[in-house]
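Me: Please go through the terms applied to this model one by one, setting each value against its definition.

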Amino acid sequence: MLDRKFVLENAELVKANCAHRGTPAEIDKFVELELLRKTKLSQAEEFNRQANATSAKIGAAAPAEREAIKEQGRKLREQKEAVQSEHDALDKEIAAILTRVPNMTHPAAPIGRDDQANLEIARGKTAIPTFDFQPKDHLQLGKIHDMIDFEAGARVAGAGFYFLKNDAVLLELALQQFAVHLLIKHGFVPVSTPDVANTETLHGIGFIPRGPETQIYSIENTDLNLVATAEITLGGMYAGQVLEAESLPLKLVGISHCFRTEAGAAGRASKGLYRVHQFTKIEMFAFTLPNQSDAVHEELRQLECDLFDALEIPYRVVDTATGDLGGPAYRKYDLEAWMPGRATAGEWGEVTSTSNCTDYQARRLNIRSRTKNEKGTQLVHTLNGTAIAISRAIIAVMENHQLADGTIRVPAALRLWMGKEFIGK
RNA sequence: GGAGAGGUGGCUGAGUGGUCGAAAGCACCGGAUUGCUAAUUCGGCGUAGGAAGAAAUUCUUACCGCAGGUUCAAAUCCUGUCCUCUCCGCCA
């Protein structure tokens, strides 16, 4: 959520930003309503002030005068209530508009209406593999080594769910160990989070559950939702808290399962593990001071690169265009890994995403920082980044490191945790 | 799941209808003083919103877990709810 005062004072900037992002937003209406709300607020406060002053007189007043003063107080309260309810209605309407207004955008982010405008800014250290045989996709490889069972997943939970088996399980655990250990070395606090969160927390992060287009599973008869990412729980972890400035940046690495309905995703090119309803994810999250967030964003991007370089997976880094940014993101980088089994001759597939959300999430979650010996507090900045989304990382590992006979070479970084050099040998 | 107790400012903790944004202590900050690694003493010390001002600042509203209710007036009374603790039950 943007700051009301900011929107009011920068209406044209905000409008232009909404246009770049392709998000229709009623900024003019917001300005009109917000100005009206402020006058209502002043009126209500003035009535309230008078009523408070009147009430204060009663205790000291002579008994004979009390009834008259009480009556006066009653009238003032009624007037206050009338104005207040007008104010509250406006406030609600304004909040609804503001919820749909996306974050401002980093000046360097490429401007464009969709992912066609995304800008490739770097490549990983590993070259795209050339095979002297017809490479298999991860489904074929998984079948050979009995690693993934979609049929059983469908029997138990429906399409889009799956069982990992045998070496896929070791691979999942190895990827987790590898990522978490590397991030601990970089000062991240490891956190295993709840897999559910209440609706308020989801709103704070910028998710809108329980709507027709929602990506979120909700639990019936409760206020709980299955999380789509540990970003939700890690951000919510410090909701309403005031962090000491000297403890920032605070970096967390969370482990959670992620659940997504993928409503509206039907028909989009995807097979196997690429787009599923549940997967495990290692997620980075950071709380920073405002002047730290750009640097930490670069750090998160670099760590994602380090992880995939170590996994010897070819990738490209993409600077996401304005029209393809999610609402809370100020800037977003994606890593797209080469997946030899996608399309006819391989294709890039998104494996990580890191966003600087500036104070957009912090404002609604009310996460602030306090600097020693300074008056007041300020909103922190929040950032998130995928370390490893297990299902997609497994695709990349299996398909890039396959050999002609169908065995899969385990990248050196994972061997300690996998306990073997090859899958299928 | 059952029974009980409790949620007050950074912390401890007082406060059962008006003079309470809230005593006191601790911590912290500033000054004074004493020549000794600290004591004494004085003062300050919450957050957010709004208005005025170039600014320091001033005025004002809200906030005593949260949401409602009663009342001219609520930290205080009522209802609901969440959380914490203790005991019991169940349990990986």
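Reply: What follows takes the RNA surface, then a helix pair, then a small sheet. This is a predicted model, in which local features need pLDDT of at least 70 and side-chain atom pairs count only at pLDDT 80 or more, while totals for chains, interfaces and linings use all residues. Residues are numbered from 1 along each chain as its sequence is written, chains are lettered from A and ligands numbered from 1 in the order in which they are written, and side-chain values use heavy atoms, with hydrogens and water left out.

Me: What makes a residue count as near RNA strand B?

Reply: One of its heavy atoms must lie within 4 Å of the strand. There are 18 residues around RNA strand B, and Glu45, Asn48, Ile58, Arg74 and Thr377 come nearest. Of the atoms of RNA strand B that come within 4 Å of the protein, 71% belong to sugar and phosphate.

Me: Which helix supplies the largest share of the surface near RNA strand B?

Reply: Helices here are DSSP runs of H or I with at least four residues, strands are runs of E with at least two, and both are numbered from the N terminus. H3 gives the largest share, 8 residues, and helix H3 (27-58) and helix H4 (63-99) each supply at least two.

Me: Why does the pair formed by Thr377 and a phosphate oxygen of RNA strand B count as a polar contact?

Reply: A polar contact is a pair of N or O atoms within 3.5 Å (within protein, one must be able to donate a hydrogen and the other to accept it, and residues adjacent in sequence count only if both atoms are side-chain atoms). An N or O atom in the side chain of Thr377 is 2.7 Å from a phosphate oxygen of RNA strand B, so the pair meets the cut-off. A backbone N or O atom of Gly376 lies 3.0 Å from a phosphate oxygen of the RNA, and a polar backbone atom of Ser55 is 3.0 Å from a base nitrogen.

Me: How do you know whether H5 and H12 are parallel or perpendicular?

Reply: Angles under 35 degrees count as roughly parallel, over 145 as roughly antiparallel, 65 to 115 as roughly perpendicular and the rest as oblique. Helix H5 (residues 138-145) and helix H12 (residues 390-400) pack at about 80 degrees, and are therefore roughly perpendicular. The angle runs from 0 to 180 degrees between N-to-C directions, with axes fitted to C-alpha atoms over the stretch in contact.

Me: What makes E7 and E14 edge strands?

Reply: Two strands pair if DSSP finds at least two bridges between them. In the open sheet ordered E7-E13-E14, strand E7 (242-244) and strand E14 (378-379) each pair on one side only. E13 (residues 368-370) and E14 run antiparallel and are joined by 2 bridges, so they meet the criterion for pairing.
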